[in-house]
Amino acid sequence: DFPRNLAPGTRATMAALMLRNLARSLPRAGSAAGVWGPGWAGQMKATVPVRSMSIDGAESDEDSAEISFYALRRPASITLKEMYHFGNSVNQSKRTLLLAAQFLHEELPVRLARRAQELKKLPFGLSEQASIKGVRKLYERSFFRIRRFPKPQTAEVEERFTAMLEDIKNEHNSVAANIARGLQELAESRSDIQRRGGKLFHEGMPFDFGQFLDRFYFARIGVRLLIEQHIMLHH
């Protein structure tokens with residue numbers, strides 16, 4: 001979570017300054033104003049039973065129900081100050097790494113599920129654009145990769161879990177570009193949808209896509225910060 005009274009640029013700057021061990025890999029938050037400029041289209045603790053899960057996204061009603069279940073849970077509130085002090089104070093003991101990994105094993109599926117559901121509910125056919133659907137499938141696949149991975153209880157399992165998280169982080173590097181590509185696909189396929197300011201309109205019905213982008217990208221930064229900090233605890 002990020003302080004709500006700060007401008008987007010200020011939040012990103014705070015993250016870079018306070019989490020110095022993450023500065024080189026911290027993604028930049030794109031504001032709605034930047035996306036909606038000229039050429040906008042081109043710029044652009046309850047649990048469920050453990051079972052055999054998909055690795056390619058939600059491919060059944062049962063998969064979708066599990067994602068919906070986790071999307072209803074609220075993510076833990078973690079401030080940048082808390083992350084900063086944790087990163088500076090830990091002695092990187094095996095127990096500390098295990099506790100951190102166990103927290104992420106529970107927390108990341110909640111955050112990933114919420115983003116997947118938000119992408120699935122985009123209006124005006126945007127959720128069905130190939131690039132947007134690809135991003136949703138990526139979030140679903142990451143969700144199931146973590147859910148099917150055993151809860152880290154040993155140093156060996158924790159190391160494999162961390163390697164998986166790094167792979168997930170790298171797989172998500174192209175998310176921003178694919179979201180922009182989805183907007184372009186919508187503009188090329190739907191002449192009945194207009195854009196005014198940061199909103200899309202279809203038959204007089206508005207959708208504030210700029211607000212969605214800000215919310216989506218800030219949530220994405222939060223996931224990447226959690227993963228990056230855990231990775232850096234190993235160095």
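In the predicted model, the largest cavity is lined by Leu112, Tyr139, Ile168, Lys169, His172, Arg220, Val223, Arg224 and Ile227. Its volume is about 70 Å³. Helices α8 and α10 each supply at least two residues of this lining, and α10 gives the most, with four residues. By class, the lining of the largest cavity comprises five nonpolar residues, one polar residue and three charged residues.

The two helices that contribute to the cavity in this way also pack against each other. The axes of α8 (residues 155-171) and α10 (residues 209-232) come within 10 Å and cross at roughly 135°. Because this angle falls short of the range over 145 degrees that counts as roughly antiparallel, α8 is classed as oblique to α10. The crossing of α8 with α10 is left-handed. On the α8 side, the contact is made by Glu158, Thr162, Leu165, Glu166 and Lys169, and on the α10 side by Arg224, Ile227, Glu228, His230 and Ile231. Five charged residues take part in this contact, together with three nonpolar and two polar ones. Lys169 of α8 and Arg224 and Ile227 of α10 belong to this contact and also appear in the lining of the largest cavity.

Helix α8 has a further partner in α7 (residues 130-148). The axes of α7 and α8 come within 11 Å and cross at roughly 180°, which makes α7 roughly antiparallel to α8. Leu138, Arg141, Ser142, Arg145 and Ile146 of α7 meet Phe161, Met164, Leu165, Asp167, Ile168 and Glu171 of α8 in this contact. The contact of α7 with α8 contains six nonpolar residues, one polar residue and four charged residues. Leu165 of α8 takes part in the contact with α7 and in the contact with α10. Ile168, on the α8 side of the contact with α7, is also one of the residues lining the largest cavity.

Helix α10 packs against α6 as well. The angle between α6 and α10 is about 160°, with their axes 10 Å apart, and the two helices are therefore roughly antiparallel to each other. Their crossing is left-handed. From α6, the contact involves Leu97, Ala100, Ala101, Leu104, Glu107, Leu108, Arg111, Arg115, Glu118 and Leu119; from α10, it involves Phe212, Arg215, Phe216, Ala219, Gly222, Val223, Leu226, Ile227 and His230. By class, 12 residues of the contact of α6 with α10 are nonpolar, two are polar and five are charged. Ile227 and His230 of α10 occur in the contact with α6 and in the contact with α8. Val223 and Ile227, both on the α10 side of the contact with α6, are among the residues lining the largest cavity.

The second largest pocket holds about 250 Å³ of space. Its lining consists of 13 residues, of which Met83, Phe86, Phe103, Leu226 and Gln229 lie nearest its centre. Helices α5 (80-89), α6 (94-120) and α10 each supply at least two residues of the lining, with the most coming from α6, which gives five residues. Nine residues of the lining of the second largest pocket are nonpolar, three are polar and one is charged. Leu226, listed among the residues nearest the centre of this pocket, is also part of the contact between α6 and α10.

Key: Residues are numbered from 1 along each chain as its sequence is written. This is a predicted model: local features need pLDDT of at least 70, side-chain atom pairs count only at pLDDT 80 or more; totals for chains, interfaces and linings use all residues. Side-chain values use heavy atoms; hydrogens and water are left out. Axes are lines fitted to C-alpha atoms, for helices over the stretch in contact, and angles run from 0 to 180 degrees between N-to-C directions. Angles under 35 degrees count as roughly parallel, over 145 as roughly antiparallel, 65 to 115 as roughly perpendicular and the rest as oblique. A crossing is left-handed if the near helix is turned anticlockwise from the far one by less than a right angle, and right-handed if clockwise. Contact means heavy atoms within 4.5 Å. Ala, Val, Leu, Ile, Met, Phe, Trp, Tyr, Cys and Pro count as nonpolar, Asp, Glu, Lys and Arg as charged, and the others, Gly among them, as polar. On a 1 Å grid over the protein atoms alone, a cavity is a set of points where a 1.4 Å probe fits but cannot get out, and a pocket is an open set with protein on both sides within 12 Å along at least five of seven lines; lining residues have an atom within 4 Å of a point. Grid points are joined across faces, edges and corners, and a volume is the space filled by probe spheres set on the points.
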